[in-house]
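Please read the following walk through a two-chain model alongside its sequence and coordinates. The text moves from a single residue to sheets, a helix pair and whole chains.

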Amino acid sequence: MTADSPLLSWQAARGGGFFVLRGLILLAGWVGVIPPAAAQMRPVAIQDATLITGTGDVVTRGTLVLQDGKITALGTDVKPPFLSRRIPAAGKYVTPGLIDVWSTLALRWEPALGQPLAQAADAFDRYAEYELRAAWSAGITAAYLPARAASGFSGLGAVVRLVPPGASDGVVAKPEAALCAALGVVEGEGPLARVKIMEEMQRRFQAAKDYREACNDYEDALKEYELKLAERAKAGTVSASKPAVGKPTGNKAAESKKSDDGEEKKDELKKPAQPENDRVAKALLRVIDGDLRFRVTAQSPADILNAVELADQFNLALVIEGGAGAALVADELARHQVPVVLTAAPPPMAFTGGVEREARADTPAALQEAGVPVYFGSGVLPTPDAAPNLALRVASAIGHGFRADDALAAITSRAARFLGLEKELGRLEPGLRADVVVWSAHPLSPGARVEIVFVGGREVYRADRAPPEQEQAE
Amino acid sequence: MRRHHALGAAMDRSPPTKARAGWWFLALLSDPAPVPALRTKGMLFIFTVAVVASCICLADDQPSAVIAGSYVSAEGEIVSKAVVALAGETIARVGGEVSVAGRAHVYPDAVISPGLVDCLATLGVSGDLCERADAVQPGVRARDVLNRFSRQFRAALEAGVTTFALAPDDQNLVGGRMAVCQTSGPDGRAYVLESDGPLKLSLAPDVLKFDRAPTARSAALGMLREAFDGAQQSSGPALLRELVAGRVTGFFSVPNAADVSSALELAEVFGLRLVLQHTRDAERVAGLMAGRVAGVVVHPLSLSDGPRSLAAAGRFEQRGVPVAIGGGLPREPADSLRIGAAMAARAGLSLPAARRAITAVPAELLGVGDRVGVIRPGARADLVVFSGDPLDLRSRVIAVYVAGYRVYLASPAQMKGVEP
């Protein structure tokens, strides 16, 4: 608009009223052909749609208003704001953007062993346009990306928002969402590998706890040292020589050294040695303290039980991922209230070996029945042509006994809460980010297609062809 | 129709199967120990009771009609009010206002679908379907490797698959003759419905991977031409002569767009009737295929497939090419056919075409369309009762009928959570 004001005043100055009129016409014309970028900034009102809020509520023939990247209003008696872009959506369904809680979407990640500090966020290719479009075409607007490895600690998982390439808003919602690890037999290694991995993880967690103790001891010793130093200064007995600096070992080592060195003067003060900065231990301590979830990829029941045992031992906030064989240990998982993120594809009919051999089509239902919190992830997506078709995955779970009332929440509001993003994602509610999907029919019904996707209030996807005629209303 | 409803309550209990009833009857005859002291009259009485009881049991699994809320019509539409009257192993009449005499099975609010047809299966294969010595194997017959005792059939049946084509794989230029089989007969055993199915052909890269001719694509096409040429000169195997005469359909695996155009050229030169197996480059070749092939088979779709694979079936439909979706059993999930159809329906395939893509179209392409894959008078009574639209992955299989016999009924535990 500002660009027009000089034009208008210039014309008004030159030609009086007639030119003002012409200027106004020009202005009106200009508004009519607002470039797309500016059009995106206009408020959007999706009208007369069935709004599935993600919490179980459904608003029929409701209007949803998106403004400044946020949902600002929804309801049956909401008036679209002035100059808003109106989208008539009678007969259509609107949901919050779906959240994929375990996906390798656009993840350029080389699995490596023993890298607890590698960040999956660094491996996300935000310019992978085809993959982003594929995700939008399935209604997905946010995803948790794991740091993957065949076994052992593998890094820090991240939550990303699927914004279009080059968008200015934050791609990474949470760079450090969880510490990832995997339990299971690595191909080519013997079954003893499982024991070794378990032992290694236990050792690392114990080492982290020891590290904390060493740090605490160091701090105590440092305080004591400073106190003594001050005392001496008061007494005026500080020798001219500098206080000796100990070697960077633990406090105990310093003490023992002191007692060994008989020749040293007993009253000579020694600065305690600071433990070497251990970033891995610090990350593991965050897991032990409950700041970071511990997400373990485990498919076979034995591995799942091992993970539960490990979590029990160190009091970790455990999440089981994959979970092909989770149904067999559902009671144990329920007792510890360990959430399970199911990523395994429906199992093939014929028996296949490998870690997913225990996979069953009714695993989601069995876990739900036992009282285990269940979430859905799209799993490892094959390249180059893949999409996280979460809505169908959930529909299929319902077909195998999963309770329908919990199904959509599991990929919207519950998923957001699970990722700690309930204040911005997962529901249709004023104040939340405008990540919204317009569907041609109920998202789980046959032939339902994603028609329009908004991410942060910006239209990022529109089905290229006209939707096929709906045969039956849901 | 009220009495039918009364009988529909029988859904809740597990029905006595024919085998079980028969066993009981035999046990009575062969083991007279419990009734040694009875007089002949008593024996006769027990015999009569046994016969009547087993007849009732049999009739319980062989209704004179199946009644449900709606059914999938020959056009693939869901039509409400379904009465499917049966005459032995075939369908006698279909409609909303058909009067039925005798016992009927009633499933309120359910949808009756034709039994699903997987045209890309390798169910119950005993041994290898590919002879690697020679790339041209018109003598191979898939029916020879069917293991009727495999346990896979039951799992497929319970997912609603009643018919499947056993096909030689993609590793030979001419793989052999496909067989059309049933996952179950009335006795619960699989059997061959049509041993003279289409001829399997392939231009897939797998053809070139062995230590034998052909090792190059050009040679592959050369060998095919030579074989067809010989057949046209009335020499060579009889099956190839039938193929070039257009009396036998060729199921041609052509993964690339280039393979499609080669296949179309062969079809034109030698007058072949072809069904193409193709997914990847649908947007480029759908127009080429229109009117020149009998149909196209899209490979099984998984829940992770992307927009390109999913859009293929819809593209073919838009160009008027009959499209079937493969199930790939048993290498894929038991639900594979429905998953594929549901996914294609989300990416541009119309709902009726999606329903036909896993029933009527594959049956027609396999040459058994007059018998299976469709609910119409005269067709075999292979029916699947779903709790909803077969394309809705939330729907479950309630019952399966093969040749008029109910061979599967879901237990109450399996139907938990489904609204009556």
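Is A:A150 buried, partly exposed or exposed, judged by its relative accessibility? The model is a predicted one, and in it A:A150 has a relative accessibility of 46%. Buried requires under 20% and exposed requires over 50%, so A:A150 counts as partly exposed. This residue belongs to the loop that links β7 (140-145) and β8 (152-161) of chain A. Its C-alpha lies 7.6 Å from that of A:L183, although 33 residues separate A:A150 and A:L183 in sequence.

The two strands that flank this loop lead to a sheet of chain A. β7 and β8 are among the 8 strands of an open sheet, which follow the order β6-β7-β8-β9-β12-β13-β14-β15 with mixed pairing. At the edges stand β6 (98-100) and β15 (374-376) of chain A; each has a single partner strand, so one side of each has no neighbour in the sheet. From one strand to the next, the twist averages 30 degrees. Within the order, β12 and β13 are listed side by side. Strand β12 (residues 293-298) and strand β13 (residues 318-322) of chain A run parallel and are joined by 5 bridges. As an example of the register, A:R295 has A:V319 in β13(A) as its bridge partner.

Another strand of chain A, β16 (residues 436-439), is worth following residue by residue. In a regular strand, side chains alternate between the two faces of the sheet. For strand β16 of chain A, one side carries A:V436 and A:V438 and the other carries A:V437 and A:W439. All of these residues are buried, and both faces of the strand are covered.

Which strands are joined to β16(A) by bridges? One is strand β5 (residues 93-96) of chain A, which runs antiparallel to β16(A) and is joined to it by 4 bridges. Here A:V94 has A:V438 as its bridge partner in β16(A). Another is strand β17 (residues 450-455) of chain A, also antiparallel to β16(A) and also joined by 4 bridges. On that side, A:W439 stands opposite A:V450 in β17(A). The residues A:V438 and A:W439, which appear in these two pairings, are both buried.

Chain B offers a helix pair. The axes of helix α5 (residues 217-232) and helix α7 (residues 257-270) of chain B come within 11 Å and cross at roughly 15 degrees. Angles under 35 degrees count as roughly parallel, and α5(B) and α7(B) are therefore roughly parallel to each other. The crossing of α5(B) past α7(B) is right-handed. From α5(B), the contact uses B:R217, B:L221, B:L224, B:R225, B:F228, B:D229 and B:Q232. From α7(B), it uses B:A258, B:D259, B:S262, B:E265, B:L266, B:V269 and B:F270. Sorted by class, the contact between α5(B) and α7(B) comprises 7 nonpolar, 2 polar and 5 charged residues.

The last step is to the chains as wholes. Chain A contains 12 helices and 18 strands, and chain B contains 12 helices and 17 strands. Of the 474 residues in chain A, 50% are buried; for the 420 residues of chain B, the buried share is 56%. Among contacts in chain A between residues at least 6 apart in sequence, 67% join residues at least 24 apart. In chain B, residues 24 or more positions apart account for 67% of the contacts with a separation of 6 or more.

Methods:
Residues numbered from 1 in each chain as written. Chains lettered and ligands numbered in written order. Predicted model: local features only at pLDDT ≥ 70, side-chain atom pairs only at ≥ 80, totals over all residues. Heavy atoms only, no water. Buried < 20%, exposed > 50% of the residue type's maximum accessible area, 1.4 Å probe, protein only. Pairing = 2+ DSSP bridges. Axes fitted to C-alpha atoms, helices over the stretch in contact; angles between N-to-C directions. Parallel < 35°, antiparallel > 145°, perpendicular 65-115°, else oblique. Left-handed = near helix turned anticlockwise from the far one by under 90°. Contact = heavy atoms within 4.5 Å. Nonpolar A, V, L, I, M, F, W, Y, C, P; charged D, E, K, R; others polar.
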